[in-house]
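Trainee: I have a model open on my screen and would like to learn how to read it. Could you walk me through it?

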Amino acid sequence: MPVEITWWGHATCTVEDSGVRVLTDPLFARRLAHLRRRRGALPPPGARRADVVLVSHLHADHLHVPSLAGLAPGTRVLVPRGAPRAVPGLRRLTHLRIGELAPGEETTVGPLTVRAVSARHDGRRLPLGPHRSPALGYVVEGEASTYFAGDTGLFDSMAAEVGPVDVALLPVGGWGPHLGEEHLDAGRAAQALARLAPRSAVPVHYGTYWPIGMDAVRPHEFHAPGEEFVRLAAERAPGVDVHRLGHGESVRPAVAR
């Protein structure tokens, strides 16, 4: 069965591999605090169907408790180690099977192996509390090997920790006009792509949410990252097939056999 990847917007993707549905950082909201969804319809109810959910870190646009609450009873959710202690709302989701991982740890989901890897990103549940959890990326290994980077900046051990992969889901933007070093913009994402050298890549984490009242502030930071990543990837990693998806679109990338 071919591996299929669907981008629902922001960092939310479905990866179907070996008959298993993997959902990343589910965010099914028109508005989150000062952010509103400016592009793409809300994902349909079927997007919530998953065998396992991967949560990369505790920021509310990645660990969104109301979106997790809407998952079917018994859904397995993998979160950074310490997340239930740091996020009380997570502990109230008793209908879910929540497991914790730290970088280097792995678990199995049916025929898949899910391995947590490091990310260069602040893992706190801002702005509350002193507790910290590591920000994570995940490598999902089945018919294909798929790297979901979550939110991260570049770091020296990225390629070594991730290892060889067929597909990389890389953030290329954000939800505001300024991105710090703990994020990948289009240029840094292209550098990451050159280091990782997957067969295929899908840009995510751009062109979905934007602060209310800031439509006219650096609008290119909202609209342009996907196209800019495609252009820079062609220069820096010309051997990688880049699939820039629209919201709700899917691709079946080529994988090694």
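## Reading the sheets, helix and cores

Mentor: Gladly. Let's begin with an open sheet of seven strands, ordered β9-β10-β11-β12-β13-β14-β16, whose pairing is mixed. Please keep in mind that this is a predicted model.

Trainee: Which strands stand at the edges of this sheet?

Mentor: Those are β9 (106–109) and β16 (241–242). Each has a single partner strand, so one side of each is left without a neighbour in the sheet.

Trainee: What should I understand by pairing?

Mentor: Strands of a sheet pair through backbone hydrogen bonds, in either a parallel or an antiparallel way. Here, strands β10 (residues 112–118) and β11 (residues 136–141) run antiparallel and are joined by six bridges. Within that pair, Arg115 has Val139 of β11 as its bridge partner. Helix α5 packs on this sheet, where it touches β12 (145–148), β13 (167–171), β14 (200–204) and β16. The direction of α5 makes about 160° with that of β13.

Trainee: In what order do the strands of the other open sheet come?

Mentor: The order is β8-β7-β6-β3-β2-β1-β17, seven strands with mixed pairing. At its edges stand β8 (97–101) and β17 (250–251), each with a single partner strand, so each has one side without a neighbour in the sheet. For a parallel pair, look at β3 (residues 20–24) and β6 (residues 52–54), which three bridges join. There, Leu23 has Val53 of β6 as its bridge partner.

Trainee: How do I read the sides of a helix?

Mentor: An α-helix has 3.6 residues a turn, so residues three or four places apart point the same way. Take α7 (residues 225–236): at 1.5 Å a residue, its 12 residues should span 16 Å, and its end C-alpha atoms are indeed 16 Å apart.

Trainee: Which residues of α7 are buried?

Mentor: They are Pro225, Gly226, Phe229, Leu232 and Ala233. These buried residues cover an arc of only 130° around the axis, which puts them on the same side of α7. The face turned away from that side carries the exposed residues Glu227, Ala234 and Glu235. Among the elements covering the buried residues of α7 are β13, α5, β14, α6 and β16.

Trainee: Which residues touch the most other members of the largest nonpolar core?

Mentor: Tyr138, Tyr147 and Leu170 do, in a core of 54 residues. Helix α5 (residues 186–196) gives this core its largest share, six residues. Another core, of 20 residues, lies apart from it and includes Val55, Val65, Val79 and Val87.

Trainee: Now for single residues. Is Ser200 buried or exposed?

Mentor: Buried is under 20% relative accessible area, and Ser200, at 0%, therefore counts as buried. Ser200 sits in strand β14. Leaving aside neighbours within four places in sequence, its contacts include Asp166, Val167, Val240, Asp241 and His243. For contrast, try Ala216, in the loop between β15 (209–211) and α6 (220–223). Ala216 has a relative accessible area of 73% and is exposed.

Trainee: What about backbone angles?

Mentor: Ser18 has a positive phi of about 55°, although it is not a glycine. Ser18 lies in the loop between β2 (12–17) and β3, and is partly exposed at 26% relative accessibility. His205, not a glycine either, has a positive phi of about 60°. His205 is in the loop between β14 and β15, and with a relative accessible area of 1% it is buried.

How values were computed
Residues are numbered from 1 along each chain as its sequence is written. This is a predicted model: local features need pLDDT of at least 70, side-chain atom pairs count only at pLDDT 80 or more; totals for chains, interfaces and linings use all residues. Side-chain values use heavy atoms; hydrogens and water are left out. A nonpolar core is a set of buried Ala, Val, Leu, Ile, Met, Phe, Trp, Tyr and Cys residues joined through side-chain atoms within 4.5 Å. Buried means under 20% relative accessible area, exposed over 50%, partly exposed in between (1.4 Å probe, protein chains only). Helices (H or I, at least four residues) and strands (E, at least two) are DSSP runs, numbered from the N terminus. Two strands pair if DSSP finds at least two bridges between them. Contact means heavy atoms within 4.5 Å. Axes are lines fitted to C-alpha atoms, for helices over the stretch in contact, and angles run from 0 to 180 degrees between N-to-C directions. The expected span of a helix is 1.5 Å times one less than its number of residues. The arc is that of the directions from the helix axis to the C-beta atoms.
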